[in-house]
Amino acid sequence: MQVTNTILMIRPVAFRMNEETAVNNYFQEIIDGSSKSINAKAQEEFDAFIVALRAKGVNVIVVDDTEEPSTPDSIFPNNWVSFHKNGTVCLYPMFAENRRNERREDILDRLENEGFLIKNVMDYTSAEKEQVYLEGTGSLLIDRVNGKVYCALSARASEELIIEFCEDFDCLPIIFTANQTVNGERLPIYHTNVMMCLAEHFAVICLETIDDKKERKNVVHHLRESGKEIIAISEAQMHHFAGNMLQVLGDKDKRYLVMSSQAYESLNSDQVSAIKQHCEILHSPLETIETCGGGSARCMMAEVFLPKA
């Protein structure tokens with residue numbers, strides 16, 4: 001299956017702009033307000049998002065963050081862990097030192113208590129000692145049906161580790177560079193899932209960010225070869241998080257494409273119609289989380305594909 005009904009999400013207790021990630025996440029911005037008020041707004045957005053997902057029948061497992069150690073980005077768990085249908089859990093090496101504290105064994109215990117089977121833990125985190133990183137499904141867009149992995153190279157996505165992951169999971173790596181314009185300069189986008197969403201029968205992608213024509217052609221080739229309709233978005237839409245979406249299952253296996261309200265409002269009518277040919281759209285306002293965290297709806301959801309015990 002390419003999509004799942006079960007999502008793991010982490011409710012923040014000390015959300016703020018993470019200065020350690022801001023060095024290469026150009027989506028982050030400073031907003032006015034105390035740390036307490038910013039976290040309170042983020043919690044309001046988080047809670048409303050959970051309500052919207054559960055109303056459609058999505059099984060959301062919510063774990064509260066801890067006060068200590070300080071983990072301002074804990075709301076984005078898909079960067080440190082991924083869960084696979086063969087019972088494997090993957091732990092990933094993180095670029096920012098304060099994000100490494102997000103990895104919590106008790107979260108894996110919680111999933112087992114929820115009835116999921118963990119057979120194996122594949123731990124890539126030793127790469128941090130070599131300053132080599134690969135940030136989970138932020139970096140890796142996994143086509144689970146066709147055995148392909150799309151990944152944009154950046155300081156948070158090492159080619160060496162991408163290839164190692166693909167060898168471990170018997171997948172074909174489709175590696176490219178995706179850039180955005182920052183103060184007139186083309187710089188790598190920090191995570192693949194900001195410029196691309198891979199759904200069951202379609203992909204929402206900002207092809208404009210792939211400056212190398214051969215790489216762009218290769219990505220398009222593999223998407224089409226796998227039977228995906230390509231729904232192109234602009235770089236301006238990407239900056240409204242229109243690439244940061246995730247397809248999930250609700251009641252009776254109904255498909256939804258989940259995104260922020262900002263992302264939805266940036267789409268034009270043709271793009272909305274194209275998406276709705278495949279599934280319904282579910283959106284929720286996430287402005288505080290997006291502005292301070294530099295991530296959106298997809299980053300907040302860690303898909304659980306583990307088998308039931």
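**Backbone, contacts and charges in a predicted model**

Asn 183 is found in the loop between β9 and β10, where helices (H or I, at least four residues) and strands (E, at least two) are DSSP runs numbered from the N terminus. The model is a predicted one, in which local features need pLDDT of at least 70 and side-chain atom pairs count only at pLDDT 80 or more, while totals for chains, interfaces and linings use all residues. Residues are numbered from 1 along each chain as its sequence is written, and side-chain values use heavy atoms, with hydrogens and water left out.

The phi angle of Asn 183 is near 50 degrees, a positive value in a residue other than glycine. With a relative accessibility of 82%, Asn 183 counts as exposed; here buried means under 20% relative accessible area, exposed means over 50%, and partly exposed lies in between (1.4 Å probe, protein chains only). Phe 241, which is not a glycine, likewise has a positive phi, of about 70 degrees. This residue is placed in the loop between α7 and β14 (246–249), and Phe 241 counts as buried at 4% relative accessibility. A further backbone feature is the cis peptide bond that joins Glu 68 and Pro 69, with omega about -5 degrees; Pro 69 lies in the loop between β2 (59–64) and β3 (81–83). Most residues other than glycine have a negative phi, and most peptide bonds are trans.

Asn 179 lies in strand β9, which comprises residues 179–182, and is buried, with a relative accessibility of 12%. Leaving aside residues up to four places away in sequence, Asn 179 touches Arg 186, Leu 187, Pro 188, Ile 189, Thr 209, Asp 211 and Glu 235, a contact being defined by heavy atoms within 4.5 Å. Two of these contact residues, Arg 186 and Glu 235, are themselves paired, their side chains meeting in a salt bridge at 2.9 Å, N to O. Glu 235 lies in helix α7 (residues 235–238) and Arg 186 in strand β10 (residues 185–188), so the pair ties together parts that are 49 residues apart in sequence. Within this pair, Glu 235 is buried at 13% relative accessible area, whereas Arg 186 is partly exposed at 32%.

The structure holds 13 salt bridges, each being a side-chain nitrogen of Lys or Arg within 4 Å of a carboxyl oxygen of Asp or Glu. One of them links Arg 104 to Asp 106, with the closest N and O atoms 2.7 Å apart; Arg 104 is buried, with a relative accessibility of 14%, while Asp 106 is partly exposed, with a relative accessible area of 38%. Arg 298 and Glu 303 form another salt bridge, in which the closest N and O atoms are 2.5 Å apart. Arg 298 counts as buried at 6% relative accessibility, and Glu 303 is also buried, at 11%. Elsewhere, Arg 100, Arg 103 and Glu 128 are joined into one network by salt bridges that share partners.

Contacts between segments distant in sequence are illustrated by Met 301, which lies in the loop between α10 (287–293) and β17 (302–303) and is buried, with a relative accessibility of 0%. The C-alpha atoms of Met 301 and Ile 10 are separated by 8.5 Å, although these residues are 291 residues apart along the chain. With residues up to four places away in sequence not counted, Met 301 touches Ile 7, Leu 8, Met 9, Phe 49, Leu 53, Asn 78, Leu 246 and Val 258. Asn 39, in helix α1 (residues 35–55), is buried at 9% relative accessibility, and its contacts, under the same exclusion of residues up to four places away, are with Pro 12, Val 13, Ala 14 and Phe 15.

On the surface, Glu 130, Glu 160, Glu 164, Glu 167 and Asp 168 form a negative patch. Patches are made of residues with over 30% relative accessible area and no salt bridge, like charges being joined within 9 Å and nonpolar side chains (Val, Leu, Ile, Met, Phe, Trp, Tyr) within 5 Å. Lys and Arg count as positive and Asp and Glu as negative, His and the chain ends not being counted, and the place of a charge is taken as NZ of Lys, CZ of Arg, CG of Asp or CD of Glu. Accessible areas come from the Shrake-Rupley method with a 1.4 Å probe, and for residues only the protein chains shown count as cover. Within the patch, Glu 164 belongs to helix α4 (residues 159–168) and is partly exposed, with a relative accessible area of 32%.
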